[in-house]
Amino acid sequence: LFGEHSDWAGGYRRSLPTIEVGKCIVTGTDQKLYATVEEHPGKLICTATRNDGSVEGPWECEMTDAALLAVAKQGGFWSYVAAVAFQVRTYFPVNGLVLNNYLTTLPMKKGLSSSAAVCVLVARSFNMVYNLKMTVRMEMEMAFLGEILTPSRCGRMDQCCAFGSIPHVMTFDGDVLMTEAISPPAAPIHLVVVDLGGEKNTLEILNALNKAYPIAEDEVQKGVQKLLGEINL
């Protein structure tokens, strides 16, 4: 709702503490990814259904570090799935997974955290199938660690989709993430999300923002830091 990109900006405090912390207020929408999952002895097998009803896959990958990391690094549709599987496998004793995303109501590439939703879905699937006892925050961490293995390199905010429709305040201080659930407003706030028929390029957005951090060298860059810091707070 408020504070987009401040998660990414607040991450720079790890190298320059004078940068303001990032802070945002988030809540989930009613768009979702639905899936069935089951264990597989040695492969990651996935089928995905886009919000327009088209189906991708089934796609298969061996559950080895080398195979998963190669897919993650090359980018593309399955990179997020492979990247999260790599991270989960790094920290937990898991085998493979069969994941069938049979329904999706969340539009892709529209700024609604679709890639993060996929990452959280994969982390939660491993958690449920293998009874890993991860908390929601741990699922978010696995999802984030997976996403930054891909070329996407997003900040930590988008994984808030793991909270569902519960509003939260998120604070980003370097590598430290703090979250706090907040009560919904007393009176409803009606939001209309409109698809303008365009596209966004996350890499292009982050490349432009990178020019303003950690040291602002002109008035425009100072303005970006002020917008994502002092004004946002």
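Trainee: In this predicted model, over how many bridges do β3 and β4 pair?

Mentor: The model is predicted, and its strands β3 (43-49) and β4 (55-62) are joined by a loop that holds Arg-50. One bridge of the pair sets Thr-49 against Val-55 in β4. β3 and β4 run in the antiparallel sense, and their bridges number six.

Trainee: Which residue in the hairpin of β3 and β4 takes a positive phi?

Mentor: The hairpin of β3 and β4 has five residues between the strands. One of them has a phi near 95°, and that residue is Gly-53.

Trainee: Is Arg-50 buried, partly exposed or exposed?

Mentor: Arg-50 lies in the loop between β3 and β4. Not counting residues up to four places away in sequence, Arg-50 touches Glu-56, Phe-77, Thr-104 and Met-108. Buried means under 20% relative accessible area and exposed means over 50%. The relative accessibility of Arg-50 is 25%, so Arg-50 counts as partly exposed.

Trainee: How far apart in space are Arg-50 and Thr-105?

Mentor: In sequence, 55 residues separate Arg-50 and Thr-105. In space, C-alpha to C-alpha, the distance between Arg-50 and Thr-105 is 7.9 Å.

Trainee: Which strands stand at the edges of the open sheet of four strands?

Mentor: The order of this open sheet is β2-β5-β3-β4, and its pairing is mixed. Each edge strand has a single partner strand, so one side of each is left without a neighbour in the sheet; these strands are β2 (33-40) and β4.

Trainee: Which residue of β5 stands opposite Ala-48?

Mentor: β3 and strand β5 (residues 96-104) run parallel and are joined by five bridges. Opposite Ala-48, in β5, stands Asn-101.

Trainee: Which strands does α4 touch as it packs on the sheet?

Mentor: A helix also lies across β3 and β4, namely α2, which runs at about 140° to β4. The direction of α4 makes about 40° with that of β2. The strands touched by α4 are β2, β3 and β5.

Trainee: Is the crossing of α2 and α3 left-handed or right-handed?

Mentor: The axes of helix α2 (residues 65-74) and helix α3 (residues 79-91) come within 7 Å and cross at roughly 140°. The two helices are therefore oblique to each other. The crossing of α2 and α3 is left-handed.

Trainee: How many nonpolar residues has the contact of α2 with α3?

Mentor: Among the residues that meet are Leu-68 and Leu-69 in α2, and Ala-82 and Phe-86 in α3. By class, the contact has one polar and two charged residues, while its nonpolar residues number eight.

Trainee: Is the crossing of α4 and α5 left-handed or right-handed?

Mentor: Helix α4 (residues 114-129) and helix α5 (residues 136-147) have axes 8 Å apart, at an angle of about 125°. α4 and α5 are therefore oblique to each other. Their contact includes Cys-119 and Val-120 of α4 and Met-142 of α5. The crossing of α4 and α5 is right-handed.

Trainee: Which residue is the bridge partner of His-168 in β7?

Mentor: An open sheet of three strands has antiparallel pairing and the order β1-β6-β7. Its edge strands are β1 (22-26) and β7 (176-181). Strand β6 (residues 168-173) pairs with β7 over six bridges. In β7, the bridge partner of His-168 is Ala-181.

Notes: Residues are numbered from 1 along each chain as its sequence is written. This is a predicted model: local features need pLDDT of at least 70, side-chain atom pairs count only at pLDDT 80 or more; totals for chains, interfaces and linings use all residues. Side-chain values use heavy atoms; hydrogens and water are left out. Axes are lines fitted to C-alpha atoms, for helices over the stretch in contact, and angles run from 0 to 180 degrees between N-to-C directions. Angles under 35 degrees count as roughly parallel, over 145 as roughly antiparallel, 65 to 115 as roughly perpendicular and the rest as oblique. A crossing is left-handed if the near helix is turned anticlockwise from the far one by less than a right angle, and right-handed if clockwise. Contact means heavy atoms within 4.5 Å. Ala, Val, Leu, Ile, Met, Phe, Trp, Tyr, Cys and Pro count as nonpolar, Asp, Glu, Lys and Arg as charged, and the others, Gly among them, as polar. Two strands pair if DSSP finds at least two bridges between them. Buried means under 20% relative accessible area, exposed over 50%, partly exposed in between (1.4 Å probe, protein chains only).
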